[in-house]
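Here is a short briefing to read with the structure open beside you. Feel free to find each element as you go.

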Amino acid sequence: MQTLLARSLKYTNNELSVLDQYLLPHQEHWHVCTSVKQMQSLILSLKVRGAPLIGLAATLLVAHLAEQGDSKECLAKAIDDLEATRPTAVNLMYCMAKMRIALVQEDYVSALVGMAEQLFNEDVALCEAMATLGADLVNPGDNILTHCNTGALATAGIGTALGAIYKAHQQQKHIHVWVDETRPLLQGGRLTAYELAQWEIPYTLICDNMAASLMRARQVNKIFVGADRIAANGDFANKVGTYNLAVLAKYHQIPFYVVAPETTLDRTCPHGEAIPIEQRDSQEVIGVSGSFGACQWAPSKAKVYNPAFDVTPANLVTGWVLNSGVYSQQDVLAGIFK
Ligand code: MRU
């Protein structure tokens, strides 16, 4: 396979490495990944995370195992097992479906390798296209609120929602970003703050429950979020807490945009209620852990509700920024995603 380099994923000298996103921002530790079990554990523990990235990491592993001589049967099982790791982000299913097509080719090793390279490079281009379209929606001096992490760490390119923010900054629009901390796993506080600092984009970190008062005080002009799956009617799943923001945005009449590649669109999924939502371990809510250490505040046996994602209905969305264009409610009602 050719050398492939992204911010948190790389393939060099026949080795697949992933950046441990659980240890960021205090430690930059790379794992060399050699097996399906290891990749499943990296994805499940959110060391490898973000909708496009989990699909691409799984893809590169399958291509790598093919090059290492794994049998067709083993590769088919690898694809099935990797696909089952996390249920919500459809990018993983999209990538695994493409790899299944490659696997039935006569020269399946070069087909899998070629497909993996294509999917990786495609994601870089999709990010660029979304970012350009998203940045066009940004006015000079905007205060943009974002949730979770949708930057270069989560993709092979410059990101989805955060990629658009980055592009607007490059265009010298003098923006400022409100970063939702994003409980329970703090992707905003740990990863988005880290990326914005590296890109030298002015930002302010807030706890998730501070967004409402900021909106009321007219301190937020726009909201940009990513997506893990967009249904055919425009409903979409994203990191839990996104729906709160959409409701607040509607009440305060703040434009609310979802930025995602077409690989996040699931035309077979009719509406948001059909999107499977991953439920996660109670440990993530009774305390926190990471490179900063570990701390628990709730009773160990506290009953916990911990969905990783929520669904935002289409009627709360101002625009869907895909790589192919910016779509309105009218476009979506007319069936553009079907
Ligand atoms: O659980 P995570 O960290 O994988 O969730 C990620 C998100 O919800 C992102 O907003 C989404 O994947 C879109 S970004 C590229």
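The notes below cover a sheet, the helices on it, one further helix and some annotated positions.

This is a predicted model, so please read every value as computed. At its heart for this briefing is an open sheet of seven strands with mixed pairing. We then turn to helix α7, where nine of the 12 residues are buried, and to positions that UniProt lists as "binding site" in an unreviewed entry.

**The sheet**

- The strands follow the order β7-β6-β5-β8-β11-β16-β17.
- The edge strands are β7 (203–206) and β17 (325–327); each has a single partner strand, so one side of each is left without a neighbour in the sheet.
- On average, neighbouring strands of this sheet are turned by 25° against each other, direction ignored.
- As general background, strands of a sheet pair through backbone hydrogen bonds, either parallel or antiparallel.

**Strand β8 and its partners**

- Strand β8 (residues 222–225) pairs in the parallel sense with β11 (residues 256–259) over three bridges.
- Within that pairing, Val225 stands opposite Val258, and Ile223 has Phe256 as its bridge partner.
- Strand β5 also runs parallel to β8, and three bridges join them; here Thr146 stands opposite Phe224 of β8.
- Which way do the residues of β8 point? Lys222 and Phe224 point one way, Ile223 and Val225 point the other way, and all are buried.
- In a regular strand the side chains alternate between the two faces of the sheet.

**Helices on the sheet**

- Helix α5 (residues 108–135) packs on the sheet and touches β8, β11, β16 (319–322) and β17. The direction of α5 makes about 145° with that of β16.
- Helix α9 (residues 242–252) lies across β5 (143–146), β8 and β11, and runs at about 155° to β8.

**Helix α7**

- Helix α7 (residues 187–198) reaches 16 Å from its first C-alpha to its last, close to the 16 Å expected at 1.5 Å a residue.
- Is α7 largely enclosed or exposed? Nine of its 12 residues are buried, so α7 is largely enclosed by the rest of the structure.
- The buried residues of α7 include Gln187, Arg190, Thr192 and Glu195.
- Among the elements that cover the buried residues of α7 are β5, α6 (161–170), β6 (176–180), β7, β10 (236–239) and β13 (287–290).
- Just after α7, Glu200 takes a positive phi of about 60°.

**Positions annotated in UniProt**

- The unreviewed UniProt entry places the feature "binding site" at Arg49, Gly50, Ala51, Arg86, Gln187, Asn238 and Lys239.
- Gln187 is one of the buried residues of α7.
- Arg86 lies in the loop between α3 (72–83) and α4 (90–103). It has 23 C-beta neighbours inside 10 Å, so Arg86 counts as buried.
- Leaving out residues up to four places away in sequence, Arg86 touches Ile43, Ile54, Leu92 and Glu278.
- Asn238 lies in strand β10 and is buried, with 30 other C-beta atoms within 10 Å.
- With residues up to four places away in sequence not counted, the contacts of Asn238 are Cys148, Val225, Gly226, Ala227, Asp228, Phe309 and Thr312. One of these, Val225, belongs to the buried residues of β8.

How values were computed:
Residues numbered from 1 in each chain as written. Predicted model: local features only at pLDDT ≥ 70, side-chain atom pairs only at ≥ 80, totals over all residues. Pairing = 2+ DSSP bridges. Helix = DSSP H or I, 4+ residues; strand = E, 2+ residues; numbered from the N terminus. Axes fitted to C-alpha atoms, helices over the stretch in contact; angles between N-to-C directions. Contact = placed C-beta atoms within 7 Å. Buried ≥ 20, exposed ≤ 12 C-beta atoms within 10 Å, placed from the backbone. Expected span 1.5 Å × (residues − 1). UniProt positions renumbered as here; feature names shortened; annotations may be inferred.
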